[in-house]
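Visitor: Hi! I'm new to this one and would love a quick tour. Where shall we begin?

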Amino acid sequence: MITFRRFVSSKGVLIGALVIVLLFLLGFLGPVISPWTPTQVDYLSIRSAPSAAHWWGTNRIGQDVFAQTTYGLRKSLIIGLVVALFSTVLASLAGAAAGYLGGWTDRVLRFCIDLLLIFPGFLVISMVSTRLKGAGWLVFALLLGVLGWMISARIVRSMTLSLKERDFVRAAELMGVRRSRIIARHILPNVASFLIIDTTIAVGGAVMSETALSYFGFGVQPPDVSLGTLIADGTEAAIGYPWMFYFAAGLLIVFVLAVSLVGDGLRDALDPTSEAARPKRGTVTALPRAEAPPADVVLSVRDLSVRFGDAVAVDSVSWDLRRGEVLGVVGESGSGKSVTALAAMGLLPATATVEGSVRLGDTELIGAGVRTLMEVRGARVAMVFQDPLSAFTPVYRIGVQIAEALRAHTDLSREEAHARAVELLRSVGIPEPERRAESYPHEFSGGMRQRAMIAMAIANDPDVILADEPTTALDVTVQAQVLDLLRKAQRETGAAMVLVSHDLGVIAGIADRVAVMNKGVVVEEGTVEEVFARPKEPYTKDLLAAVPRLDAVVEPREPARGAPLVEVTGLTKTFPLTRGSAFKRRVGTVYAVSGVDLAVRPGETLGLVGESGSGKTTTLFEIMRMPGVAEDAQVVFQDPMSSLDPRMTVGEIIAEPLRARGLPVDGVPELFGQVGLQAEHASRFPHQFSGGQRQRIGIARALSVRPKLVVLDEPVSALDVTVQAGILDLLVRLRDELGLAYLFVSHDLAVVRQISDRVSVMYLGRTVETGDTATVLGEPLHPYTRALISAVPIPDPAVERTREHLLLPGDPPSPFERHQGCAFRGRCPVYAALGAGDRQRCETVPPAHEERRPGHLVACHFAQDGVSTS
Amino acid sequence: MLGYLGRRAGYYVVLLLTAVFISYALATASMNPRAYFEGRRPQPPAAMVDAQLTELGINDKVPFLERFGTWAGHAVTGDLGRTIDDTSVNDEFGRRIGVSLRLLILGTLVGTVVGVLAGAWGAIRQYRFSDRAVTVVSFVLLSTPVFLLATLLKIGTTWLNDNVVHLIDFTGETTPGLQGGFLVHLGDRAAHLLLPTLSIALGTIAAYSRYQRATMLDVLASDYLRTALAKGIHPRTAMLRHGLRTALVPMTTFFAFGFLGIFTGAAFTERIFGWHGMGDWFMNAVNRNDVNSVVAVNLFAAVVILLSGFVADVLLAVLDPRVRNA
């Protein structure tokens, strides 16, 4: 409904649609109302101009141009429709088959597509045109269709491929939905909008092809006429007898134009990110301020407001940043915390309307000219962005990009700037900086990219560093390294820093003062000690209460008994690593998982912990594919948006596992209540719900078939802290009410601590430590577990600042390499302290995951020795 | 990178061979050279027609595979056979290839460069009048088939020549019997190139400007452009060095597909402006049942389209380091 309204609200679409209707009326009614037939010859008026007898005049042998043109228009329209429908059907069938089935079907189809693409359709049709002469226009139209589906098929294929990877399709597969049903219910509806647009645009293309071929005598054959033959006939007479040419030519252009207007409007209406949906340009206004900021304030924000169209992102925000201090700006998503920083730098998109004042010393930054901003940016104020992969231009070397920042503000030569860039990379702890400066961003790990970003930020010794969620995209052990580096960089340059983050733990560890933002407003500001220890505002109190803490005391539950619902030992899963598109060949093996041990008993919650690349998700899918497990187990995915099919109603989504098993669906309304939703909302679509509500829908779907085990893959990682708390409460309540067992996969130790009875820690595809939650997190034996716990920031400045942090060097290693011995030794502090003899054991013998204390298993040769040092 | 390009080249050779075989089969199946000879007046005796057809290698009484084998045997040595008038296909090929390539290369260059610039400019000036104007013009151009655009250009110029002031001659590649030095001839050729080049370039400009505008808009919203601006370099430098440079990467894919349209457009344009290139040859050959000539043009089409695909692959690898090390 929304899309329909958007569709008709566009002027171009309305005009286009109206023109198409009129042309169809003209084409189908014209020949009927015309007093002449197309072939009828009026010998008395040859080449006569438009008149009452011949509305659009006559041609060189006295045929009525109106009758001929409307008849030709009808023929061209029919051919266009037939071609478009036929080629779209071919494209969708071929594309969906190639994408979904893969393998040889895919390769053969792609070869055919490529073959047709190097073989221009007009050559083929002209070649066989002598044979077509007797066959009539329908054969010609079908042939045009056969030769015109390839590009659409390629698009359908790639869409199908990406749909196959979407969580809602994987969810349906895990539920046991049949493949034919997956194609019908999940793939085709999600490709449909593309196909509608494609068919529309294809009508225009088909009419153009038809007329071109007919123009050269290879298409519609006389005495039959189409717009193409009429244009061909009229060309010579165009100057002397314009009516013989321009009616047909004009109709052709107008029709194709109308079709492209409608197609374009359809695309905009169906694509929520399209330009038409975006707000228009905004304005930037600096507001005068009563007094100048105090001398020790380097950056002063007053009454700053930012709107995007009608949506208010920031509402009258003020804060001051003093020399050398770290200001933490904390808030949930949509609180406007990052927008403030970007507005200060003049880096918001043009759609933003900005009002207020940001002073850097004496310089007003809001509404400042290009020259002023260029002098400020990168020199006096530097930024560190969230996602270090997308923040570097992919096509330039890292060294070049850092040198560019230097050369923008100094007159260093290219060589001098490069040498300085290498020095900067060295200073932020990049090993072999000369070589790494020559690398491209994609060749860096996430942590290294963020180091390079910090190197760029400190390049010109700025007064202020604005760090926007600088560690959010990183693993926790890497986050600890980067926070350490930021602290060091800030201390050494003496710059003041604004650290924008959603993570209260990060703020607690690094900030001097903190501003808490909610819905575009600063709700509370003060020293970090004050705000964390004695929050005044209810929102701050809620936020602090909602965030899970690693040092929280959790009452242990009764140990679970009974035979495990699922148990694996030494689970291994490898993927072939292939190169090449047309001729795939195997170039190696990815060891996604190589030695996982775990067991989940009835009613028990096992927390599976690990950083990215540790094999958590692979483990989960392997377990779900084990015989017998799928009957008793259901999955809840991380991203509730991608795990719910956007084209299905919520009621259908929750009922899907029941339907897949042929069970009655009358219990669905009750499920709504169970997860805290209203059953009346069953007919709504997923996008009409908030992130937390969507996750509740995912949970209801998992519960619909009454599983004994629910596998939760990072179920709260995509959610804000306060929403996360609600979902965790719900999970605990459902567990107690229904006696469920959970396999809870997460990278977040604090969340795991809150909900798990037992914990299993993974590193590079192996289980390294397992035991009761209190034991593993309280008295860890494996050096990796100890480092992991130490890296998790605790949202309490009093605790966080006095803790000893154990920094692991380097990044988690790549699963593309096979490791001999212990995979952790490259980053292991215990290994580093060993003598040569002991080291050899780590280098050659992979440690077994064995019981070191009752119920506490560890995979480390020297685990016991480590205990004494902690 | 060389390995990647090498594998692509191998795949292209397989495609090319298959395309040639299919075009030979289609041409043989749908054309009737016997009728061409039998239709001559006075009608030659059947035995003579047979002998003539056999000599040209297109006798339908010889089994198809045997005919193809003979043709392919010559083709691998570089001999594409005889036309239906018993002249060398190779000679005709040599005469016409230059005509087509001049048009194709010029049309592609003008279309790509102007299209990319117009699209990038439109994206930077999004929603302003100039962006809207470029959008409207490109929509109208995209809705006008090449043959009609060429015809309209021809009619318009003829009218201007006759009624206002004599602008340019446009039939053929040169004005026959033109007297004068090198510069006169060069100017004459350039004038003759103008309308055909415009015919194929305008549509290409329109299409590429739409694509480039879309990819450029994506890039303008990207994090790395923001990083570039945050360094303090001039916004214009950032747009060109970081924005346009990166937005060119996905254009290589459009380039590969777009060339098919340019090729088809050029064939039509040759015909309309009386250029004796490959497209013109092809249409004549079809009308005269000249199998060997038709296959030769098909071979030409497949080769230039594959070459354009190969150029697109190379460009992609040059423009994108991620593809280079993959």
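Guide: Welcome! This is a predicted model, and a good starting point is N298(B), which sits in helix α12 (residues 291–319) of chain B.

Visitor: Is N298(B) buried or exposed, and why?

Guide: N298(B) counts as buried because its relative accessibility is 3%, and the cut-off for buried is under 20%.

Visitor: Which residues does N298(B) touch?

Guide: Leaving out residues up to four places away in sequence, N298(B) touches F119(A), L123(A) and M127(A) from chain A, plus S23(B) from chain B.

Visitor: So chain A comes into the picture. How many residues of chain B and chain A are in contact?

Guide: In chain B there are 74 residues in contact with 78 residues of chain A. Between them the two chains bury about 6900 Å², and 70% of that is on carbon and sulfur atoms.

Visitor: And how many salt bridges are there across the interface?

Guide: The rule finds two salt bridges across the interface of chain B and chain A. E404(A) and K231(B) have side chains that meet in a salt bridge, at 2.7 Å from N to O.

Visitor: Back to chain B for a moment. How many residues of helix α11 are buried?

Guide: Helix α11 (residues 278–287) of chain B is mostly covered, with eight of its ten residues buried. Among them are W281(B), F282(B) and M283(B).

Visitor: What covers the buried residues of α11(B)?

Guide: Both chains contribute: the cover includes α5 (121–127) and α6 (129–132) of chain A, along with α5 (89–124), α10 (235–272) and α12 of chain B. Just after α11(B) comes N289(B), with a positive phi of about 60°.

Visitor: What does UniProt list for residues 97–316 of chain B?

Guide: An unreviewed UniProt entry lists residues 97–316 of chain B as "domain: ABC transmembrane type-1". That span is 82% helix and 0% strand, and its end C-alpha atoms lie 27 Å apart.

Visitor: Where in chain A does UniProt place the feature "domain: ABC transporter"?

Guide: UniProt, again in an unreviewed entry, places "domain: ABC transporter" at residues 299–544 and 566–789 of chain A. Residues 299–544 of chain A are 38% helix and 27% strand, with end C-alpha atoms 28 Å apart.

Visitor: Let's look at strands. What is the order of the open sheet of eight strands in chain A?

Guide: The order is β15-β16-β17-β14-β18-β19-β21-β20, with mixed pairing. At the edges are β15 (633–636) and β20 (850–853) of chain A, each pairing on one side only. Direction ignored, neighbouring strands of this sheet are turned by 25° against each other on average.

Visitor: Why is β16(A) largely enclosed?

Guide: Five of the five residues of β16(A) are buried, so the rest of the structure largely encloses this strand. On one side L709(A), V711(A) and D713(A) are buried, and on the other V710(A) and L712(A) are buried too. In a regular strand, side chains alternate between the two faces of the sheet.

Visitor: And what stands opposite V710(A)?

Guide: V710(A) has Q634(A) opposite it, and V710(A) also stands opposite Y742(A) in β17(A). β15(A) and β16(A) run parallel, joined by four bridges, while β16(A) pairs with β17 (residues 741–746) of chain A in the parallel sense over five bridges.

Visitor: Which helix lies across β15 and β16 of chain A?

Guide: That's helix α27 (residues 691–703) of chain A, running at about 170° to β15(A).

Key: Residues numbered from 1 in each chain as written. Chains lettered and ligands numbered in written order. Predicted model: local features only at pLDDT ≥ 70, side-chain atom pairs only at ≥ 80, totals over all residues. Heavy atoms only, no water. Pairing = 2+ DSSP bridges. Helix = DSSP H or I, 4+ residues; strand = E, 2+ residues; numbered from the N terminus. Axes fitted to C-alpha atoms, helices over the stretch in contact; angles between N-to-C directions. Contact = heavy atoms within 4.5 Å. UniProt positions renumbered as here; feature names shortened; annotations may be inferred. Buried < 20%, exposed > 50% of the residue type's maximum accessible area, 1.4 Å probe, protein only. Buried area = accessible area lost by both parts, 1.4 Å probe. Salt bridge = Lys/Arg side-chain N within 4 Å of Asp/Glu carboxyl O.
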